[in-house]
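Here are my notes on the two-chain complex, written up as numbered points. Have the structure open while you go through them.

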Amino acid sequence: MIDLLEIGGKALSFAEKLNVSEVEVYLVQNTSKSCLLSGKIDVVKSNVASGIGVRVIINKKIGVYGNTNLEENEVEKAVEKAVKIAKASDPDPDFRELNKKFGKSSVSGIYDREIAEMDIEKIFDAADTLITSSIDYNEIVQPTRGIIETSTWKVAICNSHGIEAEREGTGVVTWFRCKAKDRGKEASAGESKQARRWKDIDFSEVATSAASKAVSILDATMIKNQKLPVIWHNKFTASMVDIMFGTTVDAYSVQKGRSPWKDKVGQQIASEDFNLIDDGVMEAGLRTRAFDDEGVATRKTPIIEKGELKGFLYDTYTANKEGAESTGNAFRTYRSNPLPAPSNLILKPGNAKREEIIEETRKGLLVVDVIGEWLSNPISGEMSATVVVGYLVENGEIKKPVKGIMVSGNFHQIIKDGIELIGNDITNVGGVYAPTIKVSEMTIAGKS
Amino acid sequence: MEEIFDKIVEKGFQLGAEYIDMRYQEVKSEIVVSENGKFSRYESEAARGVGITAIVDGIPGFASTTIINPDILLEVLNEAVKIAKTSTRLVNKKVYAEIEPYTDKKTVSVKIDPLEVSPNEKVSFVVDVNKASIISNEINSVSTTLGVEEDQRLFLSSEGANIKTKVVLTGLRHYSVARVNGVMERVRDAETFVGGYEFFKEFNAEEFVTDLSKLAIDAAKAKPANPGTYPVVADPDIIGLILHEAFGHASEGDLVASKESILCGKLGEKVASEYVTIADNGIVEGGYPVWYDDQGVKKLKTVIVKEGILDGYLLSRETASDLGLEPTGNARAQDFENVPIVRQTNYYMEPGDHSFEELVEDIDFGYYIKGRGGGGGQVDVGVGSFIFNAGPSYVIEKGEIKELVKSVSISGLVLETLKSVDAVGKDFKVTTSVFGGCGKSAQRVRVGHGGPFVRIRKMIIGGR
């Protein structure tokens with residue numbers, strides 16, 4: 001392992017010789033091991049990657065440069081390049097200063113020795129489990145594609161205000177798809193899971209979920225254009241929360257006029273039972289860390305409470321611009337300038353069990369997996385998604401599978417008066433956590 | 001690099017490998033962004049590294065590093081060999097189709113190196129263009145990005161290949177958000193040139209961004225399309241997107257070999273109407289140049305569909321031997337950290353003989369679907385279902401182009417969609433982008449896509 005803070009220290013002192021007002025150095029080293037499946041195990045790989053990002057400020061002019069090369073002369077060149085870019089930039093009157101106050105929250109479940117010491121054999125076993133569990137579920141299932149990837153990283157941050165800090169983390173991601181083939185019909189479906197600890201992923205459960213979905217939609221048919229109540233399976237809810245809030249509740253988007261929530265703090269933008277929080281310190285949360293990418297302590301920040309918009313997520317820059325306090329939401333890579341972004345974005349669960357939500361539905365559509373949902377518009381709230389795994393619900397029971405149909409509606413309207421029930425079955429898609437919900441009515445486009 | 005590689009091959013063979021390749025890559029890129037008439041940010045980065053593939057007994061192992069010196073590279077080789085040997089337990093042996101090892105050097109023509117143009121000049125250019133896009137107080141927010149990428153790759157193999165390539169892309173991306181009577185609409189578009197900064201001498205950037213602002217205002221005032229199934233004329237952007245996402249991926253050999261693709265087992269069968277011919281071509285004007293893939297295979301033109309009949313797949317060395325076909329030069333890796341997998345290069349529909357007017361005149365009621373201002377798409381390759389966001393589009397009524405409608409989403413099942421193509425236009429365009437690419441198995445590569453204007457009898461338009 002390279003001593004990141006030592007390299008950072010050298011970069012700092014070199015930059016200070018160049019008469020910069022302030023400087024910040026961000027360093028990262030990542031080791032990952034991954035396995036790619038295509039029907040069977042395809043290839044296993046191991047990557048070691050490093051990066052340095054230098055941010056210099058010269059009289060409110062900002063320059064950022066990133067490089068993977070940590071050799072001493074290259075680090076000096078990186079600083080010089082950042083200085084050159086700063087000099088070419090226009091001064092940013094809103095820039096006040098880099099973070100001066102280091103803070104660290106207590107967090108747990110984000111560094112897993114099992115992942116840090118991962119052996120290739122173990123990844124093989126997990127890949128084998130994915131394949132065999134899907135076939136064991138039903139002999140008509142064939143595994144088609146998948147990935148298992150584990151990573152261990154170290155991040156170091158130092159700046160000219162004396163901040164010098166290092167943190168470590170681990171993560172595991174898996175994604176698996178399979179195909180069911182029977183009676184001349186074919187269908188495919190997938191499942192994915194991301195966690196911070198190896199033990200938090202049950203590979204057999206992932207494979208079984210994908211396999212059962214594929215088998216269940218073999219007889220899927222298109223349905224007619226109509227309006228129906230729609231039950232959003234928790235993963236679909238999480239994707240929509242991500243699309244609609246992921247890039248609209250950070251102060252940067254708000255200040256730039258790119259958020260529909262601008263000027264709406266204090267207003268009722270959703271129904272009473274709609275609560276959205278950003279939790280940077282969640283136990284084993286996918287984006288949990290003790291301090292953010294500028295060395296600011298992470299925390300919990302309410303965004304929507306009982307339907308009322310409470311506030312936004314800040315990094316140092318956007319906070320300084322408004323005279324607010326950073327919420328510890330600065331995210332960056334070694335290549336880019338920090339920007340505020342959600343950490344673990346949580347739509348608080350309700351009381352209803354998923355089965356109860358289904359039981360209460362006389363006629364509706366249960367949407368499990370979709371594609372194209374990310375094409376929805378977070379500014380207008382207009383959303384649409386093509387259903388790839390979905391079922392008609394009749395008299396409280398899951399009935400026939402559907403395919404090739406598109407559901408659409410307006411998300412902003414839905415959260416105001418369209419959510420009938422909120423489930424208690426929270427799950428995550430990346431750093432977004434959400435439960436199953438029932439929406440009173442959406443437009444279904446299918447056969448005319 | 002070549003000298004180190006000789007040592008690596010020698011050592012690798014001693015460790016039991018029968019094949020070794022090493023990919024060195026150096027990528028430099030920059031973006032300069034201006035928002036709402038002001039300078040916003042300048043990001044510049046460089047990455048370089050080495051990836052080594054070792055094959056032991058028909059089983060590959062792969063490892064990479066960003067730290068480059070002879071000792072570390074030997075460690076990386078050891079890791080790759082170790083992975084290959086450990087893999088014997090569960091990985092099936094692969095057979096790599098025979099290829100000719102080439103020695104070659106290819107580079108795109110660059111008159112003005114965009115990375116050498118002074119930061120000052122790039123900043124003032126982007127800010128000026130961005131300012132020009134604020135055409136009225138109905139424009140709420142604008143963002144302009146200048147993007148540059150230089151990608152140099154070296155491929156060395158124990159079979160004797162030595163291939164050096166260099167691609168430079170220079171482009172401009174812009175979006176405008178309009179707000180008219182409380183209704184917001186965002187449209188975006190990008191234009192990319194394969195080559196250097198000379199692009200901006202020819203390209204009218206100010207006209208490009210002011211047109212987008214006008215479109216955003218018009219779209220904000222426009223009505224949404226009526227959801228339902230209609231005949232449409234699709235423009236080259238949207239045809240390229242549908243083909244790439246919904247059909248191109250299905251023609252990728254790994255998805256065919258794993259039987260995941262709807263095109264599996266369909267060679268020689270009718271998969272589209274007789275008017276449809278589809279190709280994947282490494283070198284095509286406007287597209288992203290791919291002379292060789294990342295396994296050192298020469299990329300030629302691959303015909304996928306010939307007059308409606310499925311004629312071929314996109315193949316790597318191993319998928320070619322799996323399917324008993326010849327490699328097509330489509331094994332591509334995002335970068336030195338990744339293993340090449342089957343990817344498209346420039347995927348497009350060949351032009352036909354209809355003029356645009358002829359395509360429109362037979363439609364009693366439908367839509368003219370435009371890609372500009374839209375963005376992205378997604379597809380389920382197992383089913384062939386797709387959904388895309390097109391840009392603001394037009395109503396077609398009694399054979400004539402009528403009023404603008406807001407951005408529409410289109411969806412369908414690709415084989416049904418292609419079978420309902422009943423006329424193909426003669427105007428043809430392929431484009432690539434420095435701002436995006438195609439993602440598959442967590443790898444992003446640059447691609448090109450396009451085609452002619454195409455009339456499709458049945459397309460599902462979503463309510464937006």
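1. Chain B has an average pLDDT of 94, and 99% of its residues score at least 70. Keep in mind that this is a predicted model. For the complex, the predictor reports an ipTM of 0.77 and a pTM of 0.83. A general caution for reading any such model: where pLDDT is low, the predicted coordinates should not be read in detail.

2. On to how the chains meet. The contact involves 64 residues of chain B and 62 residues of chain A. On the chain B side, the largest share comes from strand S2 (residues 38-56) of chain B, which supplies 11 residues. Sorted by class, that side of chain B has 27 polar, 22 nonpolar and 15 charged residues.

3. There is also strand pairing across the two chains. S2(A) pairs with strand S3 (residues 59-65) of chain B in the parallel sense, over 4 bridges. If you want a spot to zoom in on, Asn47(A) stands opposite Ser64(B) in S3(B).

4. Now helix H4 of chain A, residues 120-137. Its 18 residues should span 26 Å at 1.5 Å a residue, and the end C-alpha atoms are indeed 26 Å apart, so the two agree. The buried residues in H4(A) are Ile123(A), Ala127(A), Leu130(A), Ile131(A), Ser133(A), Ser134(A) and Tyr137(A). They cover an arc of only 165° around the axis, so they sit on the same side of H4(A). What do the buried residues of H4(A) pack against? Their partners in chain A are the strands S1 (22-38), S2 (40-58), S4 (141-159) and S5 (164-182), plus helix H5 (203-216).

5. Chain B has a helix to check in the same way: H5, residues 205-221. For its 17 residues, 1.5 Å a residue gives an expected 24 Å; the end C-alpha atoms are 25 Å apart, which agrees. Buried residues in H5(B) include Ala205(B), Val209(B), Leu212(B), Leu215(B) and Ile217(B). Among the elements of chain B covering the buried residues of H5(B) are helix H3 (119-132), strand S6 (162-180) and strand S19 (400-405).

6. Last, a loop residue. Val281(A) lies in the loop between strand S8 (276-279) and strand S9 (300-305) of chain A. Is Val281(A) buried or exposed? Val281(A) counts as buried because 20 other C-beta atoms lie within 10 Å. Ser108(A) is 173 residues away from Val281(A) in sequence, yet their C-alpha atoms are 8.1 Å apart in space. Setting aside neighbours within four places in sequence, the contacts of Val281(A) include Ser105(A), Val107(A), Thr288(A) and Arg299(A).

Note on methods:
Residues are numbered from 1 along each chain as its sequence is written. Chains are lettered from A and ligands numbered from 1 in the order in which they are written. This is a predicted model: local features need pLDDT of at least 70, side-chain atom pairs count only at pLDDT 80 or more; totals for chains, interfaces and linings use all residues. The expected span of a helix is 1.5 Å times one less than its number of residues. A residue is buried if 20 or more other C-beta atoms lie within 10 Å of its own, exposed if 12 or fewer, and partly exposed in between; C-beta atoms are placed from the backbone. The arc is that of the directions from the helix axis to the C-beta atoms. Two residues are in contact if their C-beta atoms, placed from the backbone, lie within 7 Å. Ala, Val, Leu, Ile, Met, Phe, Trp, Tyr, Cys and Pro count as nonpolar, Asp, Glu, Lys and Arg as charged, and the others, Gly among them, as polar. Two strands pair if DSSP finds at least two bridges between them. pLDDT is the predictor's confidence in each residue, from 0 to 100.
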